[in-house]
Amino acid sequence: MFVTTARFATPHGSKYLQQLCKHFAHKVEVSFDDSAGRAKLPTGQVDLAADPEGLSVTLRAEGIREMIEARYVVDKHLATFAHREGFTGFQWQMG
């Protein structure tokens, strides 16, 4: 099992968490509220946590390829939602 984490410092963490979860819910199983969310992507499970200072993401995947694909999906969608803040992708950390 591979685990990777990332954080985006933003005052809009809850907004982005909800946008991501609503978008993913069109295709995969999702649960969320204002401060926490979970999406079961085909390539891995994504856990989101929002607080007043940002959005944190923990991603779990069975293999390195699945982890990279899931990272790409999360980065791509958040880049669309947070483009006004100049978001282009997370600085992912293993562990």
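Leaving aside its neighbours within four places in sequence, which residues is Thr 43 in contact with? They are Ala 61, Glu 66, Glu 69 and Ala 70. Contact here means heavy atoms within 4.5 Å.

This is a predicted model, in which local features need pLDDT of at least 70 and side-chain atom pairs count only at pLDDT 80 or more, while totals for chains, interfaces and linings use all residues. Residues are numbered from 1 along each chain as its sequence is written, and side-chain values use heavy atoms, with hydrogens and water left out.

**Overall fold**

The chain holds two helices and six strands. Their order along the sequence is β-α-β-β-β-β-α-β. Helices (H or I, at least four residues) and strands (E, at least two) are DSSP runs, numbered from the N terminus.

The radius of gyration is 12 Å, which agrees with the value near 12 Å for a compact globule of 95 residues. That radius is taken over C-alpha atoms, and the globule rule is 2.2 Å times the number of residues to the power 0.38. The C-alpha trace spans about 30 × 25 × 20 Å along its principal axes.

Of the 95 residues, 39% are buried. Buried means under 20% relative accessible area, exposed over 50%, and partly exposed in between (1.4 Å probe, protein chains only). The accessible surface comes to about 5,500 Å². Carbon and sulfur atoms account for 52% of that surface. These areas come from the Shrake-Rupley method with a 1.4 Å probe; for residues, only the protein chains shown count as cover. Among contacts between residues at least 6 apart in sequence, 56% join residues at least 24 apart.

**Selected residues**

Thr 43 sits in the loop between β3 (36-41) and β4 (44-51). Thr 43 counts as buried because its relative accessibility is 17%. Its partner Glu 66 belongs to helix α2. Glu 66 is partly exposed, at 31% relative accessibility. Beyond four places in sequence, Glu 66 is in contact with Thr 43 and Ala 61.

Arg 7 is part of strand β1 (residues 2-9). Its relative accessibility is 40%, so Arg 7 counts as partly exposed. Outside its neighbours within four places in sequence, Arg 7 is in contact with Asp 51, Glu 53, Gly 54, Leu 55, Ser 56 and Phe 90. One of these, Leu 55, lies in strand β5 (residues 54-61). Leu 55 counts as buried, at 0% relative accessibility.

Three C-alpha to C-alpha distances are set out below.

| Pair | Separation in sequence | Distance in space |
|---|---|---|
| Glu 66 and Ser 31 | 35 residues | 21 Å |
| Leu 55 and Arg 84 | 29 residues | 16 Å |
| Arg 7 and Val 73 | 66 residues | 16 Å |

**The largest pocket**

The largest pocket has a volume of about 150 Å³. A pocket is an open set of points on a 1 Å grid over the protein atoms alone, where a 1.4 Å probe fits, with protein on both sides within 12 Å along at least five of seven lines. Grid points are joined across faces, edges and corners, and the volume is the space filled by probe spheres set on the points.

Which residues line the largest pocket? The lining consists of His 23, Phe 24, His 26, Lys 27, Val 28, Leu 41, Pro 42, Val 73 and His 77. Lining residues have an atom within 4 Å of a point. Helices α1 (13-24) and α2 (64-81) are the elements that give two or more residues to this lining. By class, the lining has five nonpolar, three polar and one charged residues. Ala, Val, Leu, Ile, Met, Phe, Trp, Tyr, Cys and Pro count as nonpolar, Asp, Glu, Lys and Arg as charged, and the others, Gly among them, as polar.
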